[in-house]
Amino acid sequence: MAVDLTKLAFHSSYPAFKNNTVYTGSFTISGTLGSGVNTITTTVALSSTPDIVDILYQGDSDTAFEDDFSDVDPRPDDGWFRKGAVWANGNAGFDFPMPWTITYEIQGSNVVIKATYVQTFSATTTVTSETVYYRIVDYSIF
Amino acid sequence: MAIDLTKIAFDSRENYLKRSEFVGSEDVTLGAAGASSTVTVTHGLGYIPFFSVGVELKDTSTIWSNDYVWSGTQTSSSGIDREIGYKYWITSTTLTVQIRNGDGSFAQSGDRTVYWAIYLDYEA
């Protein structure tokens with residue numbers, strides 16, 4: 001029997017979304033920081049320029065600091081988030097928590113993920129290595 | 001009518017999002033100034049799904065799904081009084097939404113509704 005394509009139940013001439021590709025990976029926050037704005041950047045190359053992306057991050061929350069500092073971030077270490085921070089340990093002669101705010105930019109077919117920390121009160125700080133995980137889903141309009 | 005075959009919605013070469021059964025809302029009662037109210041949704045999917053979250057914050061007439069800008073005044077050495085805000089995070093089993101009431105004069109009262117929708121990553 002010939003198929004009458006006009007009878008397809010799930011046809012629309014209007015665009016729809018498709019879940020194109022999932023990109024996962026990680027980068028590391030580490031090093032010695034000077035005062036002011038410190039940014040660590042990682043670039044993820046997508047296979048094509050995306051129409052829409054959904055990006056989640058994961059990394060340590062402030063769990064390790066809650067005994068000595070108040071619980072500022074309620075997120076558990078294994079919670080994935082869109083807006084928020086990954087917490088690292090800083091040392092400037094004493095240990096203290098450093099919330100690194102995670103953001104992203106789209107530059108053509110690249111997703112540029114940034115971890116940013118503004119350092120005040122201390123000229124030089126050494127950061128204990130901390131891993132930030134990302135999960136990028138590229139949604140395309142078709 | 002001419003059919004554009006590239007617009008057929010279920011092309012088995014692609015993944016799609018399908019709205020799951022985990023869609024809903026829940027009212028929470030705001031706590032004292034600076035206190036948190038939490039909504040937990042157990043989805044149990046075993047992977048990190050696509051999801052959306054919306055919350056009522058400063059009143060019950062506006063649903064927020066992103067940040068808003070507010071100004072605060074530091075009134076003590078302990079820091080700036082914060083406006084009411086929210087955070088959310090997801091694991092392979094649960095979605096958690098937490099509203100934190102504002103500090104000091106920014107504290108709100110009453111009930112607020114939290115909305116969520118979780119989508120299945122449907123591999124055709």
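**Figure 1. Pairing of strands β2 and β8 in chain B of the predicted model.** Strand β2 of chain B and strand β8 (residues 94–100) of chain B run antiparallel and are joined by seven bridges. Within this pairing, B:T40 has B:T96 in β8(B) as its bridge partner. Both strands belong to an open sheet of three strands, in the order β2-β8-β7 (chain B), and the pairing in this sheet is antiparallel. Its edge strands are β2 (36–42) and β7 (85–90) of chain B, each of which pairs on one side only. From one strand to the next, the twist averages 15°.

**Figure 2. Strand content of chain B.** Chain B contains nine strands and zero helices, and its pattern along the sequence reads β-β-β-β-β-β-β-β-β. The chain has 124 residues, of which 20% are buried. Of the contacts in chain B between residues at least 6 apart in sequence, 67% join residues at least 24 apart.

**Figure 3. Strand content of chain A.** Chain A likewise has zero helices, with seven strands, and follows the pattern β-β-β-β-β-β-β when read along the sequence. Buried residues account for 26% of its 142 residues. Among contacts in chain A with a separation of 6 or more, 72% are made by residues 24 or more positions apart.

**Figure 4. Surroundings of A:Y117 in strand β6 of chain A.** A:Y117 lies in strand β6 (residues 110–119) of chain A. The residue counts as buried because 21 other C-beta atoms lie within 10 Å, the threshold being 20 or more. Residues up to four places away in sequence aside, A:Y117 touches A:N38, A:M98 and A:W100. A:N38 also stands opposite A:Y117 in β6(A). The C-alpha atoms of A:Y117 and A:G36 are separated by 8.2 Å, although these residues are 81 residues apart along the chain.

**Figure 5. Strand β6 of chain A and its pairings with β2 and β5.** Ten bridges connect β6(A) with strand β2 (residues 36–45) of chain A in the antiparallel sense. Strand β5 (residues 95–107) of chain A also runs antiparallel to β6(A), and seven bridges join the two. In the latter pairing, A:I102 has A:A115 in β6(A) as its bridge partner. The hairpin of β5(A) and β6(A) has two residues between the strands, and here A:G108 takes a positive phi near 65°.

**Figure 6. A:I102 and the largest nonpolar core.** Apart from its neighbours within four places in sequence, A:I102 is in contact with A:Y57, A:G84, A:A85, A:V86, A:I113, A:A115 and A:V132. A:I102 is also among the residues with the most contacts inside the largest nonpolar core, which has 41 residues. The others in this group are A:I29, A:V86, A:W100, B:L95, B:V97 and B:W116, and the group thus includes residues of chain A and chain B. Strand β7 (residues 125–141) of chain A gives the most to this core, with five residues. In soluble globular proteins, nonpolar side chains tend to be buried together. Two of the core residues named here also appear in the contact lists of the preceding views: A:W100 touches A:Y117, and A:V86 is in contact with A:I102.

Definitions and conventions: Residues numbered from 1 in each chain as written. Chains lettered and ligands numbered in written order. Predicted model: local features only at pLDDT ≥ 70, side-chain atom pairs only at ≥ 80, totals over all residues. Helix = DSSP H or I, 4+ residues; strand = E, 2+ residues; numbered from the N terminus. Buried ≥ 20, exposed ≤ 12 C-beta atoms within 10 Å, placed from the backbone. Contact = placed C-beta atoms within 7 Å. Pairing = 2+ DSSP bridges. Core = buried A, V, L, I, M, F, W, Y, C linked by C-beta atoms within 7 Å. Axes fitted to C-alpha atoms, helices over the stretch in contact; angles between N-to-C directions.
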